[in-house]
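Please find below a colleague's note on the model shown here, set out as numbered points to be read alongside the coordinates.

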Amino acid sequence: MRSIWNGAISFGLVSIPIKLVNATESHSVSFRQIHTEDGGRIRYRKVCELEDREVTQAEIGKAYEDADGSMIPITDEDLSQLPIPTARTIEIVAFVPEDRIDPLQMGSAYYLAASGAPAAKPYTLLREALKRSNRVAIAKFALRGRERLGMLRVVGDAIAMHGLLWPDEVRAPEGVAPEGGVTVREQELDLADALMDTLGEIDLDDLHDEYQEAVEEVIAAKAAGERPPEAPAEAAPGKVLDLMAALESSVRAARESRHGEEAEDAEVRSLPQRESSARRAPKETGGKKSTSTAAKKAAAKKAEPKKSTARSSAGSAKKTAAKSAAKKATAKSTTRSGDKASAKSTAKSTDKKTASRRRSA
């Protein structure tokens with residue numbers, strides 16, 4: 001790459017000889033002006049107004065036009081002897097975090113190449129210091145007749161410099177944003193987030209200039225005497241009446257366009273199986289129903305548990321008594337007479353109760 005400026009980086013008392021080379025290039029297709037009637041080239045000729053003749057590049061210099069229209073000649077020697085330290089030096093004035101730089105200030109990008117073997121060591125020192133500090137260097141330099149502001153940062157193993165506009169060269173965004181009074185609902189923000197998530201990210205290396213390719217196709221077709229390709233007819237955009245409906249349609253269209261890609265990248269995962277465990281026995285709530293044996297608890301999965309209740313007298317209507325004397329048989333006996341007692345027992349318990357009645361009599 002051809003250098004466009006030679007000088008040095010001033011890093012405190014350290015001086016690093018460098019060459020400035022362009023870090024970017026333009027791939028745009030350039031056109032020439034022609035006379036449409038006969039195809040002849042239209043050229044601009046530099047003519048001296050006083051002598052009314054065309055002059056060569058070697059005869060052309062610089063001048064400043066004063067308010068009264070008079071010209072004040074300025075030579076390259078005058079500019080090279082300006083009383084500023086940045087005439088041939090990139091003077092580093094500060095180190096700041098990169099997020100302190102407003103992207104609106106960033107302009108042309110350059111690579112700083114070490115000039116000669118003596119510059120290798122201090123160049124590497126500055127590069128590694130910038131890496132370790134996670135900061136960028138702010139510098140002043142003079143280029144093309146004016147002092148400029150620059151930002152130095154590390155790109156790979158090289159140091160790059162971005163030309164910056166001076167802060168007073170960046171306009172304030174006055175009158176650009178819509179006037180107040182516009183309210184955005186949470187549902188609209190949610191749909192906007194969903195649309196951004198659906199569109200996802202992209203590798204910037206995959207992007208290319210489609211306009212340039214289309215222009216090259218037209219040029220190739222006309223050079224071959226063929227008809228240039230025509231652009232497909234564009235559908236007329238519908239009038240947006242409802243922002244929510246437009247957002248929902250955009251999300252739906254984005255998901256459908258990426259459906260094939262998502263289907264290829266989808267990963268099917270089986271759900272973890274639950275461990276089989278026995279149901280817990282129903283808790284006793286102190287109500288009228290209760291289970292008496294462990295066998296009834298196990299059988300509760302398949303059939304309803306057997307219930308054994310006894311009706312008590314009117315004075316103790318709220319109490320229940322369930323007694324199981326055997327595994328398979330139970331005896332129920334109730335008396336509906338005017339007596340206040342009810343009996344329910346096996347043969348042995350009847351004898352005991354009879355004996356106690358005799359004694360009490």
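**Notes on side-chain contacts and surface features**

1. Arg 53, at 36% relative accessibility, counts as partly exposed, and because its value lies between the 20% and 50% limits, neither buried nor exposed would be the right word for it. This is a predicted model, and the values in this note should be read with that in mind. The side chain of Arg 53 meets that of Glu 59 in a salt bridge, with a distance of 3.1 Å from N to O. Glu 59 is likewise described as partly exposed, since its relative accessible area is 45%. The contact does not stand alone, as Glu 51, Arg 53 and Glu 59 are linked in a network of salt bridges.

2. Asp 52 deserves a separate look, for its phi is near 55°, a positive value in a residue other than glycine. Asp 52 is found in the loop between strand S3 (47-48) and strand S4 (53-54). With a relative accessible area of 66%, Asp 52 is exposed.

3. Where is the other backbone position to be checked for a positive phi, Asn 134, placed? Asn 134 belongs to the loop between helix H2 (120-133) and strand S9 (135-143), and its phi is positive, at about 55°, although the residue is not a glycine. Asn 134 counts as exposed because its relative accessibility is 66%.

4. How many salt bridges does the model contain? The count comes to eight, and the general background is that side chains of opposite charge can pair when their charged atoms come close. One of the pairs is formed by Arg 127 and Glu 128, whose closest N and O atoms are 3.1 Å apart. The two partners fall into separate accessibility classes: Arg 127 is buried, with a relative accessible area of 14%, whereas Glu 128, at 36% relative accessibility, counts as partly exposed.

5. Another salt bridge joins the side chains of Arg 227 and Glu 230, with an N to O distance of 2.5 Å, and both of these residues are exposed. Glu 230 also has a spatial relation to Val 218: the two are twelve residues apart in sequence, and their C-alpha atoms are 9.3 Å apart in space. Val 218 is placed in helix H4 and, at 29% relative accessibility, counts as partly exposed.

6. Helix H4 (residues 210-223) also contains Glu 210, which counts as exposed because its relative accessibility is 55%. Glu 210 is part of a patch of negative charge on the surface, where it gathers with Asp 209, Glu 213, Glu 216 and Glu 217. Membership of such a patch requires that a residue have no salt bridge, so the acidic side chains of this group, Glu 210 among them, are to be read as lying outside the salt-bridge pairs described above.

7. A surface patch of nonpolar character is made by Val 182, Val 184 and Leu 189, and its area is about 280 Å². Of these residues, Val 184 lies in the loop between strand S11 (158-164) and helix H3 (186-199).

8. Which residues make up the one aromatic pair that the structure holds? The partners are Phe 11 and Phe 95, arranged edge-to-face, with 5.9 Å from centre to centre and 70° between the planes. Phe 11 lies in strand S1 (residues 3-11) and Phe 95 in strand S7, so the pair ties together parts that are 84 residues apart in sequence. Both rings belong to partly exposed residues, for the relative accessible area is 22% for Phe 11 and 31% for Phe 95.

9. Strand S7 (89-97) is followed up here through the loop between it and strand S8 (106-114), where Asp 99 is found. Is Asp 99 buried or exposed? Asp 99 counts as exposed, because its relative accessibility is 70%. The C-alpha atoms of Asp 99 and Val 136 are separated by 9.5 Å, although the two residues are 37 residues apart along the chain.

Terms used: Residues are numbered from 1 along each chain as its sequence is written. This is a predicted model: local features need pLDDT of at least 70, side-chain atom pairs count only at pLDDT 80 or more; totals for chains, interfaces and linings use all residues. Side-chain values use heavy atoms; hydrogens and water are left out. Patches are made of residues with over 30% relative accessible area and no salt bridge: like charges are joined within 9 Å, nonpolar side chains (Val, Leu, Ile, Met, Phe, Trp, Tyr) within 5 Å. Accessible areas come from the Shrake-Rupley method with a 1.4 Å probe; for residues, only the protein chains shown count as cover. A salt bridge is a side-chain nitrogen of Lys or Arg within 4 Å of a carboxyl oxygen of Asp or Glu. Lys and Arg count as positive and Asp and Glu as negative; His and the chain ends are not counted. The place of a charge is taken as NZ of Lys, CZ of Arg, CG of Asp or CD of Glu. Helices (H or I, at least four residues) and strands (E, at least two) are DSSP runs, numbered from the N terminus. Buried means under 20% relative accessible area, exposed over 50%, partly exposed in between (1.4 Å probe, protein chains only). Rings of Phe, Tyr and Trp (its six-membered ring) pair if their centres lie within 6.5 Å; planes under 30 degrees apart count as stacked, over 60 as edge-to-face and the rest as tilted.
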